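Student: I'd like to learn how structural words are backed up by values. Could we work through some together?

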There are 2 protein chains.
Amino acid sequence: MDALHRSGCPINLTLEILGDRWSLIIIRDIMFGNRRHFRELLQNSEEGIASNILADRLKRLVERGLLTRADDPTHKQKAVYSLTEMAIDLVPLFAHMGAWGRKHLPVSEELSIRAELLENGGPTLWADFMDELRAQHLGKALPPGTPSVLRRLTDAYLEVVGRRKSG
Amino acid sequence: MDALHRSGCPINLTLEILGDRWSLIIIRDIMFGNRRHFRELLQNSEEGIASNILADRLKRLVERGLLTRADDPTHKQKAVYSLTEMAIDLVPLFAHMGAWGRKHLPVSEELSIRAELLENGGPTLWADFMDELRAQHLGKALPPGTPSVLRRLTDAYLEVVGRRKSG
């Protein structure tokens, strides 16, 4: 990127940070799949991300303030990645990207059921999901008994997968 | 991209189409700047897009159904680019990208005033703006006397530019 031509336009700055194919894919997998370790992100990748690209993008996302990296207390050799508030704030953007993709592109049923729920839930559901992510990733407390949005999204996904396997 | 690993996830498919630094920048300039010719897009680019990249991305965006290209009846040698319904449907996504950028990144005042108005206007303003884009790009009729959202955004931008120059 030509440093002479950086502009202060919010769309441009956002694309400077997130405008590559993989950064948002990785944040998606951490956010919706709760994949917190390098190996999980690599092995479960639906898009088959390459190990060197994953390592590069994780490093960049940490440098740019979208992820934090900490030693996992349960596995001495492993690092655990967490979303920052800046990344959690991408939930509405993901909801809109998912809605646009569902409307205009040949999405698969099992991989779009979560986007459908997120779209239909609207800003209220997004806010609940963001609170839940803050609890998971930033250690903020949630009122006891708060229903899990991620559980609901995951259950709906597994239900479609199961239905298609048995169908 | 490895064709073996294409996934049907709506986020992934959206990024396959729009997940590069330039595609959304070009759509932004056509949408908010009403730049319809190659030369305007090249010469007015705040980010200094290179001519070969602009040509490549315009071609791709036409192939992928986000833009149409037609001969300009007023300039025989020129092509005029128009947004399709698929691209016009990106307005809410731009609004959210702009809002996220304004909140988390070092945006400039003059290049973020339009994002601010779009954010504050919410879904009602986005719908009005999309109707206006449909009139401009798809030739759909608007009721006579409909106030122009683009004019309002442009005026606000020019006002900030003027204030900063005289300040």
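Student: How do you know that helix 7 of chain B is not straight?

Tutor: The expected span is 1.5 Å times one less than the number of residues. A straight helix of 30 residues would span 44 Å, but helix 7 (residues 109-138) of chain B spans only 32 Å between its end C-alpha atoms. Helices here are DSSP runs (H or I, at least four residues), and strands are too (E, at least two), numbered from the N terminus. This is a predicted model: local features need pLDDT of at least 70, side-chain atom pairs count only at pLDDT 80 or more, and totals for chains, interfaces and linings use all residues. Residues are numbered from 1 along each chain as its sequence is written, and chains are lettered from A and ligands numbered from 1 in the order in which they are written.

Student: Where does helix 7 of chain B bend?

Tutor: At Gly122(B), by about 115°, and Pro123(B) follows within four residues. The bend is the angle between axes fitted to the seven residues ending there and the seven starting there.

Student: Why is helix 1 of chain A called roughly perpendicular to helix 6 of chain B?

Tutor: They pack at an angle of about 80°, with their axes 8 Å apart. Roughly perpendicular means 65 to 115 degrees (under 35 is roughly parallel, over 145 roughly antiparallel, the rest oblique). Therefore helix 1 of chain A counts as roughly perpendicular to helix 6 of chain B.

Student: Which residues make that contact?

Tutor: Among them are Pro10(A) and Ile11(A) of helix 1 of chain A and Phe94(B) and Trp100(B) of helix 6 of chain B. Contact means C-beta atoms, placed from the backbone, within 7 Å.

How values were computed: Axes fitted to C-alpha atoms, helices over the stretch in contact; angles between N-to-C directions. Contact = placed C-beta atoms within 7 Å.
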